[in-house]
Amino acid sequence: MKIKILSRNSHLYSTKRLVEAATKRKHEVEVIDPLKCDIVIEKRKPNIYYKGGYIEGVDAVIPRIGASVTFYGTAVVRQFEMMGAFTTTESESLVRSRDKLRSLQVLSRAKIGLPKTVFTNYSRDVSGVIKQVGGTPLVIKLLEGTQGVGVVLAETNNAAESVIEAFNGLQARVIVQEFIEEAKGGDIRAFVVDGHVVGAMKRQGKEGEFRSNLHRGGSAEVVELTDEEEIAAVKATKAMGLGVAGVDMLQSARGPLILEVNSSPGLEGIEKATGKDIAKSIIRYIERNV
């Protein structure tokens, strides 16, 4: 098969592992930069022009689209779909997953456990927002933040009011969520491929840090999911319409609570923590569908 990996950097761990896995299974694989693709639209003949020529005969694409290039990257994925290529992450699901608020609404409709969340149109009733999530401590998140950037833990009412008012003053869209104390600064990342959990790790924030992101110095170790956690991860991925996803969840007294469903999850942390060949699972997913 001819497989294209949409990535801006061929030297990234995830991109390199996918190339290795595809090559090992005798596929023709190429990494292409989605921002250097020209989308050619005409009647009955959608095309993509890249580095001096048209891309033809593609069987499948693996989108590794960063959050900062979602708009154009998604347009490129959509064009490949119009050209008949299978994609491990469909364009509409990619767009949906990048909108934190929309994602939470989709998950809520699917009756999936979530931390209580409030979103307002720059409400002046900040104290009312705080009460809606059960008071402090609480978590404030920028709607467009990634890798733990733009996430604040407010431990007192005064701190929460100051942060929310500051964001409102900057017209920065935020959501306010209840703080799950029993999670103790840790969360679980479940990696789902084609409706099955293929690996899971528990991430723990460094001392004094409530964010568990590995990019922020957190640590990771392999974990065995409970039946309830596995069902929640698969159900959340299905609700978002994703074939490949990293599902982040908190362990709480009322069961697993989904934080986010990531449509372009990195492979380095999960492969090193679990020792599993996640890249191979993604290539096999393509093989089953093409």
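Visitor: Quick one to start: are F86 and Y285 buried or exposed?
Guide: Both F86 and Y285 are buried. Keep in mind that this is a predicted model.

Visitor: OK, and how are the rings of F86 and Y285 placed?
Guide: Their centres are 5.5 Å apart and the planes sit at 80 degrees, so this is an edge-to-face pair.

Visitor: Which parts of the chain does that pair link?
Guide: Distant ones: F86 is in strand β7 and Y285 is in helix α9, with their positions 199 residues apart.

Visitor: How many aromatic pairs are there by this rule?
Guide: The count is 2. One of them is Y49 with Y54: centres 5.1 Å apart, planes at 70 degrees, so that pair is edge-to-face.

Visitor: And what about exposure for Y49 and Y54?
Guide: Y49 is partly exposed, at 31% relative accessibility. Y54 counts as partly exposed too, with 48%.

Visitor: Back to β7. What's the strand order in its sheet?
Guide: That open sheet has 4 strands in the order β2-β1-β6-β7, and the pairing is parallel. The edges are β2 (28-32) and β7 (86-87); each has a single partner strand, so one side of each has no neighbour in the sheet.

Visitor: How many bridges does β7 share with β6?
Guide: β6, residues 60-63, pairs with β7 over 2 bridges, in the parallel sense. Within that pairing, A60 stands opposite F86.

Visitor: So which helices pack on that sheet?
Guide: Helix α2 (residues 70-82) packs there, touching β1, β2, β6 and β7, and its direction makes about 165 degrees with that of β1. Helix α9 (residues 278-289) packs on the sheet as well, touching β1, β6 and β7, at about 145 degrees to the direction of β6.

Visitor: New topic: what does the sheet with β12 and β13 look like?
Guide: It's an open sheet of 5 strands, ordered β14-β13-β12-β15-β16, with antiparallel pairing. Its edge strands are β14 (219-222) and β16 (255-262), each pairing on one side only. On average, neighbouring strands are turned by 30 degrees against each other, ignoring direction.

Visitor: How many bridges join β12 and β13?
Guide: There are 8 bridges between β12 (residues 186-193) and β13 (residues 196-204). R189 stands opposite M201 in β13.

Visitor: Last thing, what are the domains?
Guide: The domain assignment gives domain 1 (1-88), domain 2 (115-178) and domain 3 (181-281). The C-alpha centres of domain 1 and domain 2 are 38 Å apart.

How values were computed
Residues numbered from 1 in each chain as written. Predicted model: local features only at pLDDT ≥ 70, side-chain atom pairs only at ≥ 80, totals over all residues. Heavy atoms only, no water. Pairing = 2+ DSSP bridges. Contact = heavy atoms within 4.5 Å. Axes fitted to C-alpha atoms, helices over the stretch in contact; angles between N-to-C directions. Domains from an automatic or database assignment. Phe/Tyr/Trp six-rings, centres within 6.5 Å; stacked < 30°, edge-to-face > 60°. Buried < 20%, exposed > 50% of the residue type's maximum accessible area, 1.4 Å probe, protein only.
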